[in-house]
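Biologist: Before we go through this protein together, could you show me the sequence and the model, and then explain how each feature is read?

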Amino acid sequence: MKIEEKIDEKALPFLRKFMRDLESPREVRRFGSGWLSGFFALLLAIGALLLVVALRFPDWFATPELEIVKEWGGFRAVVHAILLASYALSLLSLLLRPRKGLGMVALMIGLGAALLGGANVQPEETQSWGVFFGLDFFIVNLLATGFMFAPLERFKPHRREQRLFRNEWREDLFYFLVSTMFVQILAFLTLAPSTFINDNTSSWDAFRAGVASLPWIVQFVIVLIVSDFAQYWYHRLFHKVPFLWSFHAIHHSAKSMDWLAGSRMHIIELIVLRCVTSLPLFTLGFAPSVMQAYLGFIYVWSSLLHANVGGNFNQLGHWIATPRFHHWHHGLEDEAFDVNFAIHFPWIDKLFGTFHLPEDRWPKDYGIPEDVPRNYTGQFFYPLTSTGKKIESEE
Ligand SMILES: [Zn+2]
Ligand SMILES: [Zn+2]
């Protein structure tokens, strides 16, 4: 007897949908249909949930054998990896699969595990909020930025005719997932080199102590300025060197600008970018809370710069980056070629002669002349297949 028949006729339609999806006939389960990813997402999510429950309620699972495993230092990293894998697979399934039951249930179970505390969970008595880590971070991030910008784009759009679910929104949502997950991996990646640098440059300790003693907000502003200088030259280099441009071309391939479009960035460029901008900051003595605030701020800021939000801000746009300022960086026309590299402070572009903000005008079209593949995999391999040559616009 099929499980589906065991469920009461009046059962939640959602549950029935899920069961039907789980029991799909073999021909719709083929590789690439999203069934396998959904199925393994579900399996991993359930596994992660059980592990988190075991960590959270130690009395329920007080067998000595399990104690040894739980005390092993890598255990939490494994739980975290399982959570991340389940969360990536369920999103993959949601992307690939017209039926969403399987992917949605896996995602919800994974979210449940994350809300119980995820890999950072503390035993119930000494509970602390380790929530912002893993799947939860993606969901919180997506909801926070979505709730901030989707209404703003409706309320004050630059292009009124552009829809919320415009072309290629799925691809960009996938980029959003990848970059959100990456923020957490980054914490691990930059930790080792920054600890090494900090340990081997003890002569700078007085300098670091000086930085750490500055008021929080002053530290934050310095972080914005220092990282934007680093980012400016990094960004300019990616426009200049043909091989690097083949990576950065992905970011510029977006033909519609909205809050999600800014997430589109080749993973290699993203890794190098975050390392280039974060490593100096991690080693200059800034308070960890300043760095965390900066990493969170970057998401909101980048969404704002790419958002389909109007307003000319002719004066303000000379000092603080506005959507119109960054939209010119994405413009297809000749005058938009290699301008506005800064992401916080347009005066850095003024300083180095790349500033472009004609009064009251916006670019007519967005994108680049090159043909960039439209899907994630194609874009991932694009730097290997492209000639790396930037097509110069006709003068
Ligand atoms: Zn660029
Ligand atoms: Zn951009």
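Modeller: We will take the metal site, the helices, the pocket and a few loop residues in turn. This is a predicted model, in which local features need pLDDT of at least 70 and side-chain atom pairs count only at pLDDT 80 or more, while totals for chains, interfaces and linings use all residues. Residues are numbered from 1 along each chain as its sequence is written, chains are lettered from A and ligands numbered from 1 in the order in which they are written, and side-chain values use heavy atoms, with hydrogens and water left out.

Biologist: Which residues are the protein donors of the zinc ion (ligand 1)?

Modeller: Donors are N, O and S atoms within 2.8 Å of the metal (3.2 Å for Na, K and Ca), and sites may look incomplete because water is not among the atoms. Here the NE2 atoms of His 235, His 239, His 248, His 252 and His 329 lie 2.0 to 2.2 Å from the zinc ion (ligand 1). Along the chain these donors follow the spacing H-x3-H-x8-H-x3-H-x76-H, and the zinc ion (ligand 2) is 6.0 Å from the zinc ion (ligand 1).

Biologist: How should I read a short spacing within a helix?

Modeller: An α-helix has 3.6 residues a turn, so residues three or four places apart point the same way. Helices are DSSP runs (H or I, at least four residues; strands are E, at least two), numbered from the N terminus. In helix H11 (residues 242-252), His 248 and His 252 are separated by about one helical turn because they are 4 residues apart.

Biologist: Are His 248 and His 252 buried or exposed?

Modeller: Buried means under 20% relative accessible area, exposed over 50%, and partly exposed in between (1.4 Å probe, protein chains only). His 248 counts as buried at 1% relative accessibility, and His 252 is buried too, with a relative accessible area of 2%.

Biologist: Which residues are buried in helix H16?

Modeller: In H16 (residues 376-385) they are Gln 379, Tyr 382 and Pro 383. Seen down the axis of H16, these buried residues fall within an arc of 80°, so they line one face of the helix; the arc is that of the directions from the helix axis to the C-beta atoms. The face of H16 turned away from the buried side carries the exposed residues Leu 384 and Thr 385.

Biologist: How much space lies in the largest pocket, and what lines it?

Modeller: Rolling a probe the size of a water molecule over the atoms shows where empty space is left. The largest pocket holds about 670 Å³ of space. Among the 24 residues that line it, Leu 91, Leu 142, Phe 165, Trp 169 and Leu 173 are the closest to its centre. A pocket, on a 1 Å grid over the protein atoms alone, is an open set of points where a 1.4 Å probe fits, with protein on both sides within 12 Å along at least five of seven lines, and lining residues have an atom within 4 Å of a point. The largest share of the lining, 7 residues, comes from H7.

Biologist: Where does the largest pocket lie relative to the domains?

Modeller: Domain 1 (3-129) and domain 2 (183-385) both give residues to the lining, so the largest pocket lies between them; these bounds come from an automatic or database domain assignment.

Biologist: Which loop holds Phe 313?

Modeller: Phe 313 lies in the loop between helix H13 (288-306) and helix H14 (323-329), and has a positive phi of about 45° although it is not a glycine.

Terms used. Points joined across faces, edges and corners; volume = space filled by probe spheres on them.
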